[in-house]
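Visitor: I'd like a close look at one part of this protein, the aromatic side chains. Could you walk me through them once the structure is up?

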Amino acid sequence: MEGVKEVHLQRLTVSQKEQLKVEERVSQILSVLTDVSPHTKSLMLELWNDKHIEFLMAGLRQLGPSYCVLDANRPWLCYWILHSAALLGEYVDAELEQRAIDFISRCQDVDGGYGGGPGQMPHLATTYAAVNSLITLGGISALSSINREKMHMFLMRMKDPSGGFRMHEAGEMDVRACYTAISVASILSILSHELVENVGSYISSCQTYEGGIAGEPDSEAHGGYTFCGLATLILINEVDCLDLPQLLDWVVFRQGEIEGGFQGRANKLVDGCYSFWQGGALALLQKISLLIDKQLKMSFLGSTRQSSESTFITDLNLSKEEKDTGFSFLDGVAESGPLFDPFALQHYILLCSQVLEGGFKDKPGKHRDYYHTCYCLSGLSVCQHSESKAVGGSPKPTSVLGPFSNLLEPIHPLFNVILDRYYEAHDFFSRM
């Protein structure tokens with residue numbers, strides 16, 4: 001029997017062997033909850049807020065020399081840290097807030113958009129991070145620092161005739177660029193017909209035979225791109241151009257049966273960051289479950305999808321208010337319960353990704369960083385509010401794993417910013 005097992009292991013691929021190791025390690029960690037008292041279990045599932053805030057604030061003030069490799073991603077570091085702190089209910093003091101605003105303002109290009117640092121070329125990814133950072137900081141000083149007119153000009157320069165966007169001048173074109181461009185335009189209330197034109201057809205061409213969305217046509221479906229594509233199409237009222245039942249089928253099967261966390265692609269290892277990218281995509285799908293049901297019924301009847309008859313429609317003659325899908329999306333009521341197991345995911349985040357010294361990591365055996373801290377906490381917020389019918393509604397105590405003090409701030413699921421700060425920004429920019 002041992003010989004048969006040895007032969008079997010020898011035939012496994014490197015990925016399969018790594019998967020078995022991860023499953024074994026996660027199982028060992030999760031097994032510590034077996035046969036312990038409710039009080040002990042609650043302590044073991046506690047979110048170590050103070051340690052996380054200490055880790056975040058230290059990074060915002062001063063990063064170590066190892067972070068020099070992220071010199072072109074400095075607005076991202078601001079966003080990951082500021083958003084993580086905001087999720088925990090922590091906001092920076094006035095002095096640090098002004099320093100952050102001043103720094104991000106120095107990243108703003110004279111012709112629009114934000115670069116990865118002062119003097120660097122504007123890039124859609126760092127533009128998204130900079131805008132979300134300023135919205136998270138909130139207040140007139142932060143919000144008024146964004147040059148919306150030049151921003152629209154920059155976004156139009158990145159627009160490709162195919163409908164997609166390029167990340168920077170002469171740069172790569174992918175679904176990530178579409179999301180960052182449309183997200184920024186929507187949240188700043190500068191979304192226009194010219195920006196939206198043909199975006200839906202480009203993103204739908206990236207949906208693969210698996211059901212998920214790839215970064216570009218004819219590539220592999222990926223969790224990050226799936227969230228980006230889905231959120232973009234909701235923001236421009238063209239989500240019905242996707243095969244939503246097939247997309248849902250792909251995303252739900254990315255949650256590990258043993259780990260409880262999500263993988264980013266088929267046959268890949270679990271990663272804490274996909275707590276948001278995949279969990280967030282399922283939160284969006286939960287809100288449009290009636291449209292998914294409608295597509296299923298139409299497929300059974302042999303009909304083709306007709307976006308003109310869908311709940312989310314494209315109408316280029318809509319008024320400014322009617323086109324503000326990011327705002328109106330919050331009014332919708334979730335017609336279904338969670339489309340994933342939020343408790344299994346909370347177990348993975350709290351026990352396998354949380355670092356007791358502060359911060360979060362990809363998986364057991366990895367090191368903490370600000371990227372995984374941001375998206376693990378974002379995913380944890382999604383879990384905790386997944387049973388609420390309305391975005392921002394008070395969650396049931398039973399929806400929060402561990403002590404109720406673990407409860408995080410709710411987010412706007414399309415933009416991944418704190419809901420209160422989104423409302424402030426919406427009120428500020430919609431008046432302009």
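Which residues form one aromatic cluster here?

Guide: Keep in mind that this is a predicted model. The cluster you're asking about is made of Trp76, Tyr79, Trp80, Tyr128, Tyr179, Phe227, Phe276, Trp277, Tyr371 and Tyr375. Across the protein, the count of aromatic pairs comes to 20. One pair to zoom in on is tyrosine 67 with tyrosine 370: their ring centres sit 5.7 Å apart and the planes meet at 45 degrees, which falls between the 30 and 60 degree cut-offs, so this pair counts as tilted. It also ties together distant parts of the chain, since 303 residues separate the two. Tyrosine 67 is in the loop between α4 (49–61) and α5 (74–87), while tyrosine 370 belongs to helix α19 (residues 370–384). The two partners also differ in cover: tyrosine 67 has a relative accessible area of 22%, so it is partly exposed, whereas tyrosine 370, at 6%, is buried.

Now zoom out for the setting. The whole protein has 20 helices and four strands. Its radius of gyration is 21 Å, close to the 22 Å the globule rule gives for 432 residues, so it's as compact as a globular protein of that length. Of those 432 residues, 55% are buried. Long-range links show up in the contacts too: among those with a separation of 6 or more, 72% join residues 24 or more positions apart. As for the outside, about 18,700 Å² is exposed, with carbon and sulfur atoms supplying 53% of it.

Terms used: Residues numbered from 1 in each chain as written. Predicted model: local features only at pLDDT ≥ 70, side-chain atom pairs only at ≥ 80, totals over all residues. Heavy atoms only, no water. Rg over C-alpha atoms; globule rule 2.2 N^0.38 Å. Buried < 20%, exposed > 50% of the residue type's maximum accessible area, 1.4 Å probe, protein only. Contact = heavy atoms within 4.5 Å. Areas by Shrake-Rupley, 256 points an atom, 1.4 Å probe, with all protein chains shown as cover. Phe/Tyr/Trp six-rings, centres within 6.5 Å; stacked < 30°, edge-to-face > 60°.
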